Amino acid sequence: MIKGISKFFVLFNKKEKLNYTFFILMLFVGSVLSVFSIAVVIPFVHLLVGPSSNFISKLWLIGGMSHKNQVITLVFLMIISFLVKNIISFYILSFQAKFFNGFSSRIIRDLYKVYINKPYSFHISKNSGSIIRNLNTEAVLFAELINNLGNLFKELSLCVCVISF
């Protein structure tokens, strides 16, 4: 399976390989930020349940504060963490859309050049519907496959981060 997946990446040019690596790295960062934004909720719930919780007193950031300041600090941390996570998630989604639209456009363009440079006899013997289908759907499906591999990595890294937490 890994050998089959590695064959897909032969179609990437150097810039696309670098962008895909950056995309995977950003997905991992997004997963870590998602776990962190969830993890900030746990001290907040402990603080709401009981102000003199042992758990809260062990936190280095808010351990020596008054109850009111602890609540304000944790609310502030929750807002900041969710805001940062959502801004980075928005950036990841926009990068993902731009990258995969560009990638599928390049694949379609390259495939079109291959078909245009074929001899006339190829076009006579080949059904034009299959050529059009290959240009319109197969290249887009291939780009979606690569996109889904990235999403699979994102979900797996999120599971690993949640389990390790």
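A charge sits over a ring if NZ of Lys or CZ of Arg is within 6 Å of the ring centre and within 35 degrees of the ring normal. I started with that rule and looked for a case. Lys-118 fits: its charged end sits over the ring of Phe-122, 5.2 Å from the ring's centre. Note to self: this is a predicted model.

**Rings**

Next I looked up aromatic pairs. How many does a search of the whole structure find? It finds 14. I picked Phe-12 and Tyr-20 to begin with. Their ring centres are 5.4 Å apart and their planes are at 50°, so I wrote this pair down as tilted. The tilted label covers planes that are neither under 30 degrees apart nor over 60. Both Phe-12 and Tyr-20 are buried.

Then I checked Phe-12 against Phe-99. Here the centres are 6.1 Å apart and the planes are at 70°, so the pair is edge-to-face. Where do these two residues lie? Phe-12 is in the loop between helix H1 (2-8) and helix H2 (14-39), while Phe-99 is in helix H5 (residues 67-116), so the pair ties together parts that are 87 residues apart in sequence. Phe-99 is buried, just as Phe-12 is.

I followed the ring pairs onward and got a cluster. Its members are Phe-12, Tyr-20, Phe-22, Phe-23, Tyr-91, Phe-95, Phe-99, Phe-100, Phe-103 and Phe-142.

**Helix H7**

I wanted to see if the length of H7 adds up. The helix runs over residues 128-164, which is 37 residues, and at 1.5 Å a residue it should span 54 Å. Its end C-alpha atoms are 53 Å apart, so that agrees. There is still a bend in H7, of about 40° at Asn-134.

I also had a look at the start of H7. A side-chain oxygen of Asn-127 reaches to within 3.1 Å of the backbone nitrogen of Gly-129 there.

**Two single residues**

Is Ser-31 buried or exposed? Ser-31 has a relative accessible area of 2%, so I put it down as buried. This serine lies in helix H2. Leaving out residues up to four places away in sequence, Ser-31 touches Lys-154, Ser-157 and Leu-158.

Last one: Asn-86, which I found in helix H5. Its relative accessibility is 44%, so Asn-86 counts as partly exposed; the band for that label goes from 20% to 50%. I also checked its distance to Gly-30, which is 56 residues away along the chain. The C-alpha atoms of Asn-86 and Gly-30 are separated by 8.9 Å.

Definitions and conventions:
Residues are numbered from 1 along each chain as its sequence is written. This is a predicted model: local features need pLDDT of at least 70, side-chain atom pairs count only at pLDDT 80 or more; totals for chains, interfaces and linings use all residues. Side-chain values use heavy atoms; hydrogens and water are left out. Helices (H or I, at least four residues) and strands (E, at least two) are DSSP runs, numbered from the N terminus. The expected span of a helix is 1.5 Å times one less than its number of residues. The bend at a residue is the angle between axes fitted to the seven residues ending there and the seven starting there. A polar contact is a pair of N or O atoms within 3.5 Å; within protein, one must be able to donate a hydrogen and the other to accept it, and residues adjacent in sequence count only if both atoms are side-chain atoms. Rings of Phe, Tyr and Trp (its six-membered ring) pair if their centres lie within 6.5 Å; planes under 30 degrees apart count as stacked, over 60 as edge-to-face and the rest as tilted. Buried means under 20% relative accessible area, exposed over 50%, partly exposed in between (1.4 Å probe, protein chains only). Contact means heavy atoms within 4.5 Å.
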